[in-house]
Every structure is written in C-alpha cells, then in structure tokens.
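Trainee: Please take a close look at one part of this model, the pocket, and say first how confident the prediction is.

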Amino acid sequence: MRKTYALLSIVCGGLLTISPVSGQSQAGFANGAPAAPSAASSATPNAVRRSEDYDPLLDLPPLPHEKVTLIGGVVVRLDEVMNHMVFQPFGTNQKMQVHFDTRTHFYLDSKPITEREVKQGQRIYLDTQLNGDRVFAKTIWIRSSAESGVGRGQITDFDAGHRVVTVRDELSNQPLKLKLAPNATIRKGSQTGSESDLVQGALVGIEFGAQRELRAITVLATPGSTFAFSGRVTFVDLSQKMIAIDNRSDGKKYDVWMEAIAPSVLRQIREGGAVSVSAVFDGTRYSARSVDLAAAHVPQ
C-alpha cells in the first residue's frame, strides 16, 4: 500500500510540473509569433492577479455583475471632487446623476485617457450599471469626430446661399453648423416644409450624417406660435414661476413659464396633478397664457 501511495505522489507531482510548461508552449505561441490569448486562458491569470493585488482596506470593492446599458448624452455639470456628474441623455429633457471612480475606464477615440479629459458640455457615451441605488459609469467614451446622430435645438442662423444651418444644441448649448444635403427632408410639424421655414429662433429636430450633413430637419415651433399642452405636472418651481408638463399628446416633457398666470391659480398647481395650458413660444421659451385645472384629466 505504501508503494502505491508513493507511486501516485510521483505521478501527480510530474503532472503539476509538466502542465504549465505544455500549456504555455501550446497557447502562448503560434508559428513563432505571440498569439492572442483566448478568453479562457486570459481570464484566470487576470483574476488571480486582481485577487492578489486587491486590498480590502484600501481598494474599492469589485463592481457587481449587473446588466450594462449604453447611454449617449451630454455632461451638464461635473464634480471631480465627489466623482459624479449630472448627465442628460440625448432626446430627453430628463437629467440623471452618474457616479464614477477609479474603477471607471475613460477613452478618447478608443485611446485610454484620465477623467481630467471629461468636460462640461461634452457629448459622451457611458456604459452604465446599477451599483446599489446609484447609476455607475463603468466606461466613459469621448468622441472627437462628428458622427451621425439626432438632436434638438434652436436655429440661430440660416445661410441660404451656402445652405448652412447653425443650430444651438439644447443639451450642450453649443452652436452646430450643418450643411443641408441636396435631398434633405424639411418638415414643419407634420406637414411638408421648405427652406423659408428655417427662420431664426425656430426650434427644430435634426438628423445629420458623419460629415455634419443635415439629412432631415423638422420645425417644431417658430416665434409667436401657440401651443396647447395637457398632461401631468412633473415639476413645479414657484420661485421661477415655471412648471414641467408631461404632454400626453406626444409623450414629451415641456418646461412652461407661468409669469402671466395669477398667483392664486399658480398656487393650486401640484406635482402629479393634471393641467391644460395654452402657451406661446416667444423665441426662447413657452409662456403660458391660460391654465385650466378642472378640464385636465390624466387617466391612471
């Protein structure tokens, strides 16, 4: 029996000695050149290295294995001391708070950078996940080149001769010069529009290509236009006399200023309540002219 145990220990010892060498010679090189490691071969060494370097007293805990969501938008406000930002996703007026730390990876056109490269007003893309009750940015990308996309903004200038539209982006508040494509689609609301509708001060939705070629532009509002909003109140700021309405006809949220509304009526408006508002777009914002609390009804 002792001879059997001795023989087994020799065989096992030989396998433990030979296995790493044979694994390296097979997976590490191909035709004399380094080969890209497979996911299986690279995961274990990295995991071992991280576990060896990890200090539970000094290092942040590993991120939870949560679903990752890609979001594009604009940095509205940045706090580098507290490691968080106010982020506004493309195509929405809603803002969200996103956290980041030393576990976050930063890239500029696929090249690693530091968090110092992230600036207020930048268009960025985030790989986000939930970390407890916080939205955490696992990866942050900055794109330096103009890419195709959609957006909303206000026309500040239209050069009809060169067919160049200058739009102030509503998210970054920065001017964006776009050249109308020969086959660009122009609409005014739900109707077919023309270049004469591209007036200064008009609010527009845009679709553009990689070379800032304007493929489609929709005029949403022009100065002096009257609009009817009806829906649930999502925000009330009595100091600024402003409310936000989740307009049920198009599913979008609008900020409406209430300076012309009597204080006695304004005090009756509550978050979660329903209103119907007639407002005029004055070139900078929607200003309410009348409010009906009784007629507004939002189904639950």
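Mentor: Among the elements of the chain, strand β19 (residues 274-281) has the highest mean pLDDT, 95, and strand β1 (residues 29-30) the lowest, 28. Here pLDDT is the predictor's confidence in each residue, from 0 to 100, and a strand is a DSSP run of E with at least two residues, numbered from the N terminus. Over residues 1-51 the pLDDT is below 50, and this stretch has ten contacts (heavy atoms within 4.5 Å) beyond near neighbours in sequence. Where pLDDT is low, the predicted coordinates should not be read in detail. For the whole chain the mean is 78, with 74% of residues at 70 or more. The model is predicted: local features need pLDDT of at least 70, side-chain atom pairs 80 or more, while totals for chains, interfaces and linings use all residues. Residues are numbered from 1 along each chain, and side-chain values use heavy atoms, without hydrogens and water.

The largest pocket has 34 lining residues (each with an atom within 4 Å of a pocket point), and those nearest its centre are Q88, N93, E170, D255 and W257. Two or more lining residues come from each of β3 (69-79), β10 (149-159), β11 (164-169), β14 (203-208), β16, β17 and β18 (252-257). Of these, β18 gives the largest share, four residues. By type, the lining holds 14 nonpolar, twelve polar and eight charged residues.

Strands β16, β17 and β18 also belong to a closed barrel of five strands with mixed pairing, in the order β16-β17-β18-β20-β19. Two strands pair if DSSP finds at least two bridges between them. Strands β16 (residues 226-237) and β17 (residues 242-247) run antiparallel and are joined by six bridges; D237 has M242 of β17 as its bridge partner.

Note on methods: 1 Å grid on protein atoms, 1.4 Å probe; cavity = no way out; pocket = protein on both sides within 12 Å on 5 of 7 lines; lining within 4 Å. Nonpolar A, V, L, I, M, F, W, Y, C, P; charged D, E, K, R; others polar.
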